[in-house]
Every structure is written in structure tokens, then in C-alpha cells.
Amino acid sequence: LSRECVGSVTGELDLSKLSSLDLKEAVAPSGLVDDKRKIELFCGKIRVPSSDGAQYEVCASFGSEGFGAGLFQKVGCIAVHGEGSRERVAAVDSSECCINVFNVCSGECVASVGSRGHGPGQFQMPEGVAFNNRGEMYVGDAALHRISVFDASGSYLRCFGELGREEGQFWSPIGLAFTAGGELAVADNGNHRVQVLREDGT
């Protein structure tokens, strides 16, 4: 093939999707791309060193500093749900009292839920976040001592919990996770315990 033909073929390929290892071992020595393009591809790979000397690639990055949907002031807990093109990551912004939800494949902010307040779907200090197996999102509020639930599109559904020491009550719930059996585990910080509840909070 002529250089022009090779260039037209490689131009149709998204080489930035390849790992640094693939770029180094397959693409770089192949002659398919010129030196300038090789530098662009390698510079686009962010490498993070670990304590044992290994390096790991950052495959994606979501959001940036600012105010509004998809932007953050203080990123806290995250949760992931789904697979393939439907995979989502939710990230809590405790400063702005909201949760941004991104599509992992596209990087698009597909939902931004919550605001500062005491009403339904509002927060004073959102902390933990988790998805159940249906994609509903649970958010713990450490100041309102309750857990709010949103559907897969980000619409508010319900909340449960109140300040107290009895079963089903909370004092600063800061961490959430679902068990393999679909039960909700809550890090009930102020009560120095972990509660395991049904999805409805009972």
C-alpha cells in the first residue's frame, strides 16, 4: 500500500483508544503513523505511578471544577452501575449538595440530582452513594440523617430514616453499599455501627 492509502486507513481508526503498551509494541514500530502523531498519542496517556513503582493508565476523566451539571467543587464518594454503553458513574459533590451521574463510555453528564435544602430530593451534607441492581441510586445525608432514593433517570422517588439510635434510624450515615443479596449496608457513623436494611429501609 502507498503511504496515502495507509494514512487514509489509520485516519479512520481511533488509535487513542489503545493502551500505551499496544501503542509501543504494535503501532509505533509499524510505520502506520508519523512521529508527530505518535507523540500526540503517547502524551494523551496519563500515567500514575504507584508505591511499588508500577504505572497505571487513567482511562477516563469526568467533570471539572465549576458550578452546575457535570461540574464539581468537592468530589466525594462514587458508585458505578451497569455495563457497556449503559455503564454509569455517580459522584457526590458535598459542597454543592448534588450528585453528578456520567455515562462511562461517552463521558456525558446524564443527570445531576439534588440541591441544598430540607425538602424531598434535597441535601444538607450528601456523603455515601450506591446503586441497587435496578439502577436506582441511594444517597446518604450525614446532616439530615436520612437516605434519599432516585430512579435510573435521576428522578426523586422517596427517602427513609431519621435521627436516632433505634433500628432504621441514623446518626450521620456516611457510607452505602449493596450486598450480593440486594440488602443495603449503611455506615451509621454517629451510632458507631453498620446497619443492613432492605431496599425500603426496613
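Leaving aside neighbours within four places in sequence, M137 is in contact with A90, I99, V101, V113, V129, A130, F131, S148, V149 and F150. These contacts belong to a predicted model. M137 is also a member of the largest nonpolar core, which has 14 residues. Together with A90, I99, V129 and V139, M137 touches the most other members of that core. Five strands each give two or more residues to the core: β6 (88–93), β7 (98–103), β8 (109–113), β9 (126–131) and β10 (137–141). A second core lies apart from the first. The second core has ten residues, including A130, F160, L176 and L197. In soluble globular proteins, nonpolar side chains tend to be buried together.

The chain as a whole contains three helices and 15 strands. It has 202 residues, and 37% of them count as buried. Its accessible surface is about 11,600 Å². Carbon and sulfur atoms account for 53% of that surface. Of the contacts between residues at least 6 apart in sequence, 35% join residues at least 24 apart.

One of the contacts of M137 is S148. S148 is placed in strand β11. Its relative accessible area is 1%, so S148 counts as buried. Beyond residues up to four places away in sequence, S148 touches F123, M137, Y138, V139, Y156, R158 and C159. Two of these partners, M137 and V139, are among the core residues that touch the most other members.

M137 also takes part in the lining of the largest cavity. The structure holds one cavity of 30 Å³ or more. The volume of the largest cavity is about 30 Å³. Besides M137, its lining comprises R88, V101, A111, F131, D151, A152 and G154. By class, the lining residues divide into five nonpolar, one polar and two charged. Rolling a probe the size of a water molecule over the atoms shows where empty space is left.

D151, one of the lining residues, is found in the loop between β11 (146–150) and β12 (156–160). Its relative accessibility is 23%, above the 20% under which a residue is buried, so D151 counts as partly exposed. With residues up to four places away in sequence set aside, D151 touches G135, E136 and L157. G135 and D151 are 16 residues apart along the chain. Their C-alpha atoms are separated by 7.0 Å.

Backbone geometry was examined next. Most residues other than glycine have a negative phi, and most peptide bonds are trans. C97 is not a glycine, yet has a positive phi of about 55 degrees. C97 sits in the loop between β6 and β7. Both of these strands give two or more residues to the largest nonpolar core. The relative accessibility of C97 is 0%, so C97 counts as buried.

H145 likewise has a positive phi, near 55 degrees, in a residue other than glycine. H145 is placed in the loop between β10 and β11. The relative accessible area of H145 is 13%, so this residue is buried. Of the two strands beside this loop, β10 gives two or more residues to the largest core, and β11 holds S148.

How values were computed
Residues numbered from 1 in each chain as written. Predicted model: local features only at pLDDT ≥ 70, side-chain atom pairs only at ≥ 80, totals over all residues. Heavy atoms only, no water. 1 Å grid on protein atoms, 1.4 Å probe; cavity = no way out; pocket = protein on both sides within 12 Å on 5 of 7 lines; lining within 4 Å. Points joined across faces, edges and corners; volume = space filled by probe spheres on them. Nonpolar A, V, L, I, M, F, W, Y, C, P; charged D, E, K, R; others polar. Helix = DSSP H or I, 4+ residues; strand = E, 2+ residues; numbered from the N terminus. Buried < 20%, exposed > 50% of the residue type's maximum accessible area, 1.4 Å probe, protein only. Contact = heavy atoms within 4.5 Å. Areas by Shrake-Rupley, 256 points an atom, 1.4 Å probe, with all protein chains shown as cover. Core = buried A, V, L, I, M, F, W, Y, C linked by side-chain atoms within 4.5 Å.
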